[in-house]
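Let us walk through this structure together, from the overall fold down to single residues. Keep the 3D view open and turn it as you read.

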Amino acid sequence: MAKSKFLWLLDSGHGGVINGEYQTGGKRSPEFKKPWGQLFEGEFNRGIVSRVIEKANYYGIRTVNICPEEEDISLSKRVLRANDWHEKENCILVSVHANAGGGSGIEIFTTPGETKSDKIATIFIEKMAEEFPEARFRMDLSDGDPDKESPFFIIRHTRMPAILIENFFMDNEEECKKYLMTKEGRDRIADSYIKAMIHIETRTKNLR
Ligand SMILES: [Zn+2]
């Protein structure tokens with residue numbers, strides 16, 4: 001593939017783990033019986049972003065990890081970093097999360113109204129649905145649940161097309177163990193993103 005049209009900004013929601021200490025309050029699964037233990041959402045998010053970057057490099061798709069630290073970088077700082085890149089490049093932002101609060105499946109958030117982000121979200125949903133035909137999908141809940149203030153912040157304040165993906169529910173024991181806590185599940189999630197990114201790079205016009 002020629003140089004990719006877009007610079008893909010990847011955002012791992014929340015903090016990671018420093019010296020065995022998770023950097024973010026809450027944002028974790030329940031404790032499951034051994035050998036499973038507990039999932040920290042920020043660790044999962046980083047696992048997906050690092051996989052996506054590795055696979056994207058292989059296909060010549062340009063990426064930037066806007067939160068490479070393990071520290072929980074503030075949302076406003078993440079927005080600044082993303083907007084800085086967008087000054088220079090044609091960017092698309094993908095913010096990676098896992099869901100909680102009782103439920104199942106995958107949700108992709110965009111900002112209110114019909115925007116380029118909706119087209120991107122639709123393609124991600126298509127590719128994720130191919131990979132996970134058994135999963136429930138919900139899209140564009142921008143007029144919905146006000147509890148989701150932090151997921152909305154980054155897509156609202158960044159100036160490029162932006163989507164926020166809630167990959168399954170970490171407080172759903174079956175989904176957490178099947179998709180979020182296994183290498184195989186994480187690889188499948190990252191693969192489905194890559195399929196969407198390749199599709200957007202090669203088969204769409206005028207997304208800017
Ligand atoms: Zn999150």
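A word on terms before we begin: strands here are DSSP runs of E with at least two residues, helices are runs of H or I with at least four, and both are numbered from the N terminus. With that in hand, Phe168 can be placed in strand E8, which covers residues 162-169. Please also bear in mind that you are looking at a predicted model.

Let us start with the chain as a whole. Its secondary structure amounts to 6 helices and 8 strands. Read from the N terminus, the order is β-β-β-α-β-α-β-β-α-β-α-β-α-α. The C-alpha trace spans about 50 × 35 × 35 Å along its principal axes. Its radius of gyration is 16 Å, in agreement with the value near 17 Å for a compact globule of 208 residues. Of those 208 residues, 53% count as buried. Among contacts with a separation of 6 or more, 78% join residues that lie 24 or more positions apart. On the outside, the chain exposes about 10000 Å², and carbon and sulfur atoms supply 49% of that area.

Now turn to the metal. Which protein atoms are the donors of the zinc ion? They are NE2 of His14, ND1 of His97 and two OE atoms of Glu41, at 2.1 to 2.8 Å from the ion. Along the chain these donors follow the spacing H-x26-E-x55-H. Distant parts of the chain are linked here: His14 sits in the loop between strand E1 (7-12) and strand E2 (17-18), while Glu41 belongs to helix H1 (residues 41-59), 27 residues apart from His14. Why is the arrangement around the zinc ion irregular? The 4 donor atoms subtend angles of 51 to 144°, and a tetrahedral site would need all angles between 85 and 135 degrees. His14 is buried, with a relative accessible area of 10%, and Glu41 is buried too, at 1%.

Helix H1 also holds Phe44. This residue is buried, with a relative accessible area of 0%. Setting aside residues up to four places away in sequence, Phe44 touches Leu39, His97, Ala98, Asn167, Leu180, Arg186 and Ile189. One of these neighbours, His97, is a donor of the zinc ion. Arg78, by contrast, is 34 residues from Phe44 in sequence, and the two C-alpha atoms are 18 Å apart in space.

For another view of the interior, look at Thr63 in strand E4 (residues 62-65). Thr63 counts as buried because its relative accessible area is 18%, and the cut-off for buried is under 20%. Leaving out neighbours within four places in sequence, Thr63 is in contact with Leu7, Trp8, Leu10, Ile53, Ala56, Asn57 and Met197. Among these contacts of Thr63 are Leu7, Trp8 and Leu10, whose numbers fall within the range 7-12 of strand E1. Ile53, Ala56 and Asn57 are also among them, and their numbers fall within residues 41-59 of helix H1.

The backbone deserves a closer look as well. Most residues other than glycine have a negative phi, and most peptide bonds are trans. Where does the chain depart from this pattern? One place is the peptide bond from Lys34 to Pro35, which is cis, with omega near 10°. Pro35 lies in the loop between strand E3 (21-22) and H1. Lys27 is found in that loop between E3 and H1 too, and has a positive phi of about 50° although it is not a glycine. Lys27 is partly exposed, at 35% relative accessibility. Phe168, the residue we placed in strand E8, also has a positive phi, near 65°. Is Phe168 buried or exposed? At 1% relative accessibility, Phe168 counts as buried.

Finally, consider the cysteines. How many disulfides does a search of the whole structure find? The count is 0. For Cys91, the closest cysteine sulfur is that of Cys67, and at 16 Å it is too far for a bond. Cys91 is buried, with 1% relative accessibility, and Cys176 is likewise buried, at 0%.

Key. Residues numbered from 1 in each chain as written. Predicted model: local features only at pLDDT ≥ 70, side-chain atom pairs only at ≥ 80, totals over all residues. Heavy atoms only, no water. Donors = N, O, S within 2.8 Å, 3.2 Å for Na, K, Ca; no water. Tetrahedral: all angles 85-135°; square planar, octahedral: opposite > 155°, others 65-115°. Buried < 20%, exposed > 50% of the residue type's maximum accessible area, 1.4 Å probe, protein only. Disulfide = S-S within 2.5 Å. Rg over C-alpha atoms; globule rule 2.2 N^0.38 Å. Contact = heavy atoms within 4.5 Å. Areas by Shrake-Rupley, 256 points an atom, 1.4 Å probe, with all protein chains shown as cover.
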